[in-house]
Amino acid sequence: LWGEACATLETSVGPNNFNHWIKPLRLTGLESGIAHFVSPTRFISDWVNRHFAKDIIGVLSRPGQPVERLRFDVVPQAAPGRARSAASGSAASVRPVASAAAPATTRALRADLGAPLDPRYTFGNFVVGKPNELAHAAARRVAEGGPVGFNPLFLYGGVGLGKTHLMHAIAHDYQMRHPAAQVLYLSAEQFMYRFVQALRESTIMDFKGMFRNVNMLMVDDVQFIAGKDSTQEEFFHTFNALVDQGKQIVISADRAPAEIKGLEERIKSRLSCGLIVDLHPTTYELRLGILQSKTEGFRAQQPDLQIGTGVLEFLAHRITTNVRVLEGALQRLFAHASLLRREITLEVAQECLADILRTNDRKISIDDIQRKVAEHYNIRLADMVGPKRARNIARPRQIAMYLSKQLTSRSLPEIGRRFGGRDHTTIMHGIRKIEELLSEDKAIAEDVAMLKRLLEA
Ligand code: ADP
Ligand code: MG
């Protein structure tokens, strides 16, 4: 049955997909509308479930005996490269699950221990720029799985800067290179949940065994276990056991280990043994790169998509905090464009995204800007709004005006009011002056870029 099905599937999904994803599977049973498979890795079964479930269900269904769902047990192969030949997938290869090496409880546990990986989070989809190049390079290195790695790799950074994306990319890439390896990705919250569940169900030995048997363990958002004592304790032991066996660990958090309050010192120091890299807040260039790459992806599906000039630049400029928000904005624009069959002009974008643009603005206030700029140039905050005209005061004030226009949605008269009741033409003059200087004076350009980064962080 599976042998015939395979021949059909090979034509319908193409030989590459077939060899990579479907050939490693073994059909182990077919009952009550559920087809049971054994897959060598969770990655493969997740992928098949997402991409080829319909095809498989189609070829396995018989009149009056529809197949509704696929179920996978993950059983690693004894040796890498021993993928079963699909051509020999006659009745003989349809073996009962019980003959597989691991005991049934262990297999079931492993199959639902980790979290599924998002197939869109790959290295190929990750746009590299200054703020993330180090994290990206370290992630690549770890994914290669060679001897010159870092253990653990600790990635940290603010929300939406790509930590989870990089972790999934490592898992995909590593799994591709080492198909027989067990890669386990989960959030610290899931780790705790599984741990507590194992305690409650007295399966703690299985739990420990499962975790200690993986080749790569990835725990996302580890700050979550801070203050949770028994979970920390278990995490610590798991961590040590794996590192001692030379297994790779990848951890992410929203801040550096030393800064996680409520995390035991010994864990902090363990976490700091490998490489710690941070993802910096995005720059304008990186945001624009991400937007361009997502737009290309979208255009591949929707070739008649029309985006006016300056729209992506506008978004990169105005939505600065979180890549997820940036993506959301772009998706909304695309939906808008394809539903209304309209070009996305700057005006359309402004109107369609008004709410997002507004929330994003709330992040930076004119007060923040004045304070940061005064601090940077070592002048008094009062001078920002005061009357002094000396260059060493007036120039920083103009920079603050310029940044207020760039980083907030305040109008010129509003900005004028906040700068000691100056007229809007004075503000405009100040902004023009800085715009001129940005192309002429490298030191000022650098100062402005740095202040912007600080304010947007
Ligand atoms: P974090 O885990 O740091 O909060 P995520 O990895 O979930 O952030 O990223 C949020 C969203 O932004 C995801 O959809 C991710 O694909 C996207 N993203 C973040 N950084 C990049 C990047 N450099 N290139 C492409 N997409 C990115
Ligand atoms: Mg995340």
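Biologist: How do you know that a nitrogen atom of ligand 1 makes a polar contact with the side chain of Asn 132?

Modeller: In this predicted model, that nitrogen atom is 3.3 Å from an N or O atom in the side chain of Asn 132. A polar contact needs a pair of N or O atoms within 3.5 Å, so the Asn 132 pair counts.

Biologist: And what makes Tyr 121 and Arg 324 polar contacts of ligand 1?

Modeller: The cut-off is again 3.5 Å. An oxygen atom of the ligand is 3.4 Å from an N or O atom in the Tyr 121 side chain, and for the Arg 324 side chain an oxygen atom of the ligand is at 2.7 Å; therefore both pairs pass.

Biologist: How much of ligand 1 does the protein bury?

Modeller: The protein buries 95% of the 560 Å² that ligand 1 exposes when taken alone. As for its site, ligand 1 sits in the largest pocket, so more than half of its atoms lie within 2 Å of that pocket's grid points.

Biologist: Which residues surround ligand 1 most closely, and how many are there in the shell?

Modeller: There are 18, and the closest are Val 127, Gly 160, His 165, Arg 324 and Glu 327. The shell divides into 7 nonpolar, 7 polar and 4 charged residues.

Biologist: Why is Gly 160 called polar in that division?

Modeller: Good catch! Gly is placed among the polar residues by the convention used, so Gly 160 of the shell is counted there.

Biologist: Which helices and domains supply the shell?

Modeller: Helix H7 (163–177), helix H12 (284–301) and helix H14 (323–340) each give at least two residues. Domain 2 (130–279) and domain 3 (284–362) each contribute at least three.

Definitions and conventions:
Residues are numbered from 1 along each chain as its sequence is written. Chains are lettered from A and ligands numbered from 1 in the order in which they are written. This is a predicted model: local features need pLDDT of at least 70, side-chain atom pairs count only at pLDDT 80 or more; totals for chains, interfaces and linings use all residues. Side-chain values use heavy atoms; hydrogens and water are left out. A residue is near a molecule or strand if one of its heavy atoms lies within 4 Å of it. A polar contact is a pair of N or O atoms within 3.5 Å; within protein, one must be able to donate a hydrogen and the other to accept it, and residues adjacent in sequence count only if both atoms are side-chain atoms. Accessible areas come from the Shrake-Rupley method with a 1.4 Å probe; for residues, only the protein chains shown count as cover. On a 1 Å grid over the protein atoms alone, a cavity is a set of points where a 1.4 Å probe fits but cannot get out, and a pocket is an open set with protein on both sides within 12 Å along at least five of seven lines; lining residues have an atom within 4 Å of a point. Helices (H or I, at least four residues) and strands (E, at least two) are DSSP runs, numbered from the N terminus. Domain bounds come from an automatic or database domain assignment.
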